[in-house]
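User: Please pick out a single part of this model and look at it closely for me. What surrounds it, and how far is it shut away from the outside?

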Amino acid sequence: MILNANKLSASDLEAIDGRRVLSVSIENVIEKDKLNEIARMLDENSDIKIVVILDPAVTGSPDKLTNLQIVQALEKVTRLALLALSTHRLQNIDLLSGLTKLESFELKGFYRKDISLQPIRQATGLRELELEYGLSGRKQVEFVNNLGRLERLKVATLDLGQLTPNKHMIDLSVTNTLKQQHKLSALFPNLISFECYYARGIEAFDFLADLPVLQHLSIGYTKKLVKVPALANPLGLKSLCLVNTPEFADMEGILALHNLTLLQITEPVKIPAAAFERLQQLTKLSEVYVVFNNEEDDSKFAVLAEKRGWRLPPTH
């Protein structure tokens, strides 16, 4: 169950079993009695994701809390996403200093790129971190290096030469620039999932051959990818997602991934549409989404997908 707290009354929230709730979104401001019910849900279910849309221009009142005040009052939150959707730049997250139970933290939108993360340094159990514009500056890098339990990291820019090794890291997403990528395997030897968009700072993807347990690979918005990269264990790869990689032309490389269960190609590639019938050779393939240059090819592939029982991959 996904809730928008602003559209529900306090009595509506009171009637909801927190164990059934996946996430609660709050837009800028909320009444204290509603917030009490959300806190009660967190007592019942610590996995609830709290999503707060921030607008510093919105002010509170004696019976209402706004913006980071809302999060400050939810001391037991473990999964938090902040969306700074305002014409006013978010300058700091100082009010979050009392949050010690955070395990997942996301920050997106219009915020100061080198914003200090120190207010949440007491959340020593943080396992997931996503920064739309990070990592920006030495202090953000130091913050990440001090997260001994970090398992998932999603940032725009990453210089691997600045990071310390982390054997717990299993999921890395870089949405713009990756520097010193040859150090990836030494830093994160147990990486299971790797996502890379735009590939700035990367000339070739041969560094992926040093990742022994890689299972999920996503590459997008680049002309640099022309074939499936050499992998340490190609039979271990379970999913391959290509987004706008127009120079990719390697059906043989795909067919060598015998244990692939998910394939997603969301923009046309250089592989002829007829060649995709060969995907039937991948007997474990169960989720497929491929986009072609014309409706006729799309329709033909849809018939093949239905015949094979291929489902569409889940959206995130």
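Analyst: **A close look at G109**

Leaving aside residues up to four places away in sequence, G109 touches A84, E132 and Y133, where a contact means heavy atoms within 4.5 Å. The model is predicted, so local features need pLDDT of at least 70 and side-chain atom pairs count only at pLDDT 80 or more, while totals for chains, interfaces and linings use all residues. Residues are numbered from 1 along each chain as its sequence is written, and side-chain values use heavy atoms, with hydrogens and water left out.

G109 belongs to strand 7, which covers residues 104-109; strands (E, at least two residues) and helices (H or I, at least four) are DSSP runs numbered from the N terminus. G109 counts as buried because its relative accessibility is 14%, buried being under 20% relative accessible area, exposed over 50% and partly exposed in between, with a 1.4 Å probe and protein chains only. Looking further along the chain, G148 lies 39 residues from G109 in sequence, and the C-alpha atoms of these two glycines are separated by 27 Å.

For a second example to set beside G109, consider E37, a residue of helix 2, which covers residues 32-44. E37 also counts as buried, because its relative accessibility is 16%. With residues up to four places away in sequence again left out, E37 touches A10, L13 and E14. To return to the part you asked about, G109 is a buried residue of strand 7, in contact with A84, E132 and Y133.
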